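Me: Could you take me through one part of this protein slowly, as you would for someone in their first year? I would like to see how that part fits with what surrounds it, and then with the whole.

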Amino acid sequence: MEPDLSLIIGRHAKQELLMRNPVMTASGTFSNGLEFARRFDLDALGALVSKGTTLRARQGNPQPRIVETPAGMINSIGFQNIGVGALVSEVAPVWARWDVPVVVNIMGYTVREYGVLAERLEGVPGVAALEVNVSCPNVESGGIEFGQDCDLTAEVTAEVRRHTSLPFAVKLTPAVSDPRPFVEAVEDAGADAISLVNTIPAMAIDTVRRRPVIATVFGGLSGPALKPVALRHVYLAASVTSLPILAAGGVTTGQDALEFLMAGASAVQVGTATFRDPETPWRVLDELRAWCASEGVTRLDEIVGAAQRRD
């Protein structure tokens, strides 16, 4: 019997995000899915997460802005995107013809910008949910990242909640020692889910040039090196919330997905692995289904949080 791996997200929203399985793509690694749709069965996945979207189009950071590491990569793309206006008029109509739900990742530079973005995407056919990226610098507070200040993170969450009926997740940074206060803050402020984790600040040195490899010096580390950190954050987050957790960070196999699910995640996002093998999300899903069948698991909730300590 085929296991039922479906899930629903939308506790605080007027709408729900229905996912047929827990395997998603991650923001920034799958573009907006348009190119992949020509070759892959996107509808087989649980959901797609769009490229990060800002109010206005951005060209991004200067080159070089990506460097491979022994266990992943560092990127400093600089939020290059076409802007929310073009996304709504040019891309969302394509999404509306797909069966797979699309989650739009949004990024603002003030609290108000997050609200405006949420409002612009309200009621747009093809947009099923939002993912709120709080790794942007708050230009009104001296450049501190929203996601490194608990009060600011909660303020952004509440602003988005006021301007959308869509379900949304807040994507938290691993660059804090304990995610639990942030998780509790965004839950209280009205989030429907938590995304964990974003990339972690990192750098690489070119020993020939004797200079940093990345033009902006620092970037975000993703890939397998991030997985143990992400797993810890998911485990801690799941200990203080019943909200669905969308886990990201080094998922390359069904085994990785299982670890995150057992730590307390309800879904996993496949990101950096698609640069090496674009078919990774589908392989992860096949491996997860095969494991469930071999273990007699019939529902997703049988394994979600299975590794949580029970005293």
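Reply: Let's look at helix H4, which runs over residues 180-188; its buried residues are Phe182, Val183, Ala185, Val186 and Glu187. Keep in mind as you look that this is a predicted model. Buried here means under 20% relative accessible area.

What lies over those buried residues? The cover includes two helices, H3 (150-163) and H5 (227-238), together with two strands, S9 (168-172) and S10 (193-196).

A general point about helices helps in reading such a list. An α-helix has 3.6 residues a turn, so residues three or four places apart point the same way. With that in mind, find Phe182, Ala185 and Val186 on the helix, which are among its buried residues.

Now pick out Glu184, which also sits in helix H4. Is Glu184 buried or partly exposed? Its relative accessibility is 37%, so Glu184 counts as partly exposed; the class between buried and exposed runs from 20% to 50%. Glu184 also shows how the chain brings distant stretches together: Thr241 is 57 residues away in sequence, yet the two C-alpha atoms are 6.9 Å apart in space. Just past the helix, look for Gly190, which follows H4 and has a positive phi, near 115°.

For a second example of residues meeting across the sequence, move to Gln308, in the segment after helix H8 (280-295). Gln308 counts as buried because its relative accessibility is 16%. Leaving out residues up to four places away in sequence, Gln308 touches Tyr235, Ala238, Ser239, Met262 and Ala263. Two of these partners offer a backbone oxygen to look for. The one of Ala263 is 2.7 Å from a polar atom of the Gln308 side chain, and the one of Tyr235 is 3.0 Å from a polar atom of that side chain.

Finally, step back to the whole protein. Its secondary structure consists of 8 helices and 16 strands, and 56% of its 311 residues count as buried. Take the contacts between residues at least 6 apart in sequence: 71% of them join residues at least 24 apart. The C-alpha trace spans about 55 × 50 × 45 Å along its principal axes. Its radius of gyration is 18 Å, which agrees with a compact globule, because a globule of 311 residues would have a value near 19 Å.

Key: Residues are numbered from 1 along each chain as its sequence is written. This is a predicted model: local features need pLDDT of at least 70, side-chain atom pairs count only at pLDDT 80 or more; totals for chains, interfaces and linings use all residues. Side-chain values use heavy atoms; hydrogens and water are left out. Helices (H or I, at least four residues) and strands (E, at least two) are DSSP runs, numbered from the N terminus. The radius of gyration is taken over C-alpha atoms; the globule rule is 2.2 Å times the number of residues to the power 0.38. Buried means under 20% relative accessible area, exposed over 50%, partly exposed in between (1.4 Å probe, protein chains only). Contact means heavy atoms within 4.5 Å. A polar contact is a pair of N or O atoms within 3.5 Å; within protein, one must be able to donate a hydrogen and the other to accept it, and residues adjacent in sequence count only if both atoms are side-chain atoms.
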